[in-house]
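Have the sequence and the 3D view open side by side, and pick out the pieces as you read. We'll take a tour from a pocket to the cores.

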Amino acid sequence: MTETAVYAAGGVVWRVVDGKLRVLLIHRTKYRDVTLPKGKVDPGEMLAETAVREIHEETGIRVALGVPVGVSRYRLPSKRTKIVHYWAAEATEAAIRASAFVPNKEIAAIEWVSPKKALRRLSYPVDAEILEYFVRLIDEGVLRTFPIVALRHAKAVPREEWKGKEASRPLSPRGHRQAASIVGPLLAFGVRKIVSSPAVRCVTTVEPLSAALGRKIDTTRLIGQESWEVGKSDARTVVGERVRARKPSVVCSHGPVLPDILNELALATGTLRGSYLGSASALEPAAFSVVHMSVDNPGSGIVAIETHIPKD
């Protein structure tokens, strides 16, 4: 019987100082090495949550995740494979001021250096590969991004078991658990704006997120399934508003409507459409696709898409 892999997550944390980009390295006490902030997934966590938590625990800095910058795989002394997912993550000046980092038994020091110097300092080739991908984003001018999250509502009570109106069909007990479980991952991407179909199963899916943020849910029939079924949906208007705002947002809708939302995101950003859009929109209940776009030039195309599936 083969051992299961060990999953972890972390980030390339960056900031701009006097017009120059710097990345954060950590000097670990026990291993006497220089690496990127990362750590193992806690029970029940999704990878994006792990990345944000570990960055904060190791550096004292709270971040929101940007684009994914790669996955490293290596063998542990135990012969198990460790798989680490990384994201770019900007450290705002406010987050750095709020950091209470002091050297401790795990982390001896943290250090801001240029990417070039970081490549020389890192102790492991797998970390250098992640940083090299990050540098390509800088070269392409697409490091500063904002996410629009396309979310399918959580598991609802089956149609055949519901006697009321379709729009009022509620979530199942599993759906309520899913809605709670995706709050952390959505917060990890810095989501602030919540847009939802008015259907009960959609609104209830984002209510835990709304409560966590202290922000209201904006409902619109333009991405509702009932509107879609009679040809009156309008994903283009909703997507256009979100792209122009250039702020992290989540759009909660239905399985049949999600392909329209993803297609409109591609059109709004001048991205060539392809099979990847179908994969990103074919979501299970409570799964979501994070579409990363350039802050400076949203019309330059989608920078990255990643899909997350709840564990429940």
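## The largest pocket

Several pieces of the chain help to wall in the largest pocket: strand 2 (20–28), strand 4 (38–40), helix 1, strand 5 (64–75) and helix 4 each give at least two residues to its lining. Keep in mind that this is a predicted model. In total, 25 residues line the pocket, and R28, Y31, K38, E58 and K82 are the ones nearest its centre. The space inside comes to about 700 Å³. How do you find empty space like that? Rolling a probe the size of a water molecule over the atoms shows where it is left.

## Helix 1, wrapped up

Helix 1 covers residues 47–59. With 1.5 Å for each residue, its 13 residues should span 18 Å, and the C-alpha atoms at its ends are indeed 18 Å apart, so the two values agree.

Is this helix enclosed or out in the open? Look at the count: 10 of its 13 residues are buried, so the rest of the structure largely encloses helix 1. The buried ones are A48, E49, T50, A51, V52, R53, E54, I55, E58 and T59. Right after the helix comes G60, with a positive phi near 80°.

## Helix 5, one face in

Now find helix 5 (residues 173–181), where the buried residues are G175, Q178 and A179. Viewed down the helix axis, these buried residues fall within an arc of 100°, so they line one face of helix 5. The general idea is handy here: an α-helix has 3.6 residues a turn, so residues three or four places apart point the same way. What do the buried residues of helix 5 pack against? Their partners are helix 6 (183–188) and helix 7.

## A residue on the outside

E129 sits in helix 4 (residues 125–139). Because its relative accessible area is 52%, over the 50% cut-off, E129 counts as exposed. Along the sequence, E129 and V71 are 58 residues apart, but in space their C-alpha atoms are 9.3 Å apart.

## Two nonpolar cores

In soluble globular proteins, nonpolar side chains tend to be buried together. Here the largest nonpolar core has 35 residues, and L65, L151, L186, L209, V250 and F288 touch the most other members. Helix 7 (residues 200–213) gives this core its largest share, five residues. A separate core of 24 residues includes F146, A150, V257 and I302.

Zoom in on L65: leaving out neighbours within four places in sequence, L65 is in contact with A48, A51, V52, W87, A88, A89, A188 and F189.

Technical notes. Residues are numbered from 1 along each chain as its sequence is written. This is a predicted model: local features need pLDDT of at least 70, side-chain atom pairs count only at pLDDT 80 or more; totals for chains, interfaces and linings use all residues. Side-chain values use heavy atoms; hydrogens and water are left out. A nonpolar core is a set of buried Ala, Val, Leu, Ile, Met, Phe, Trp, Tyr and Cys residues joined through side-chain atoms within 4.5 Å. Buried means under 20% relative accessible area, exposed over 50%, partly exposed in between (1.4 Å probe, protein chains only). Helices (H or I, at least four residues) and strands (E, at least two) are DSSP runs, numbered from the N terminus. Contact means heavy atoms within 4.5 Å. The expected span of a helix is 1.5 Å times one less than its number of residues. The arc is that of the directions from the helix axis to the C-beta atoms. On a 1 Å grid over the protein atoms alone, a cavity is a set of points where a 1.4 Å probe fits but cannot get out, and a pocket is an open set with protein on both sides within 12 Å along at least five of seven lines; lining residues have an atom within 4 Å of a point. Grid points are joined across faces, edges and corners, and a volume is the space filled by probe spheres set on the points.
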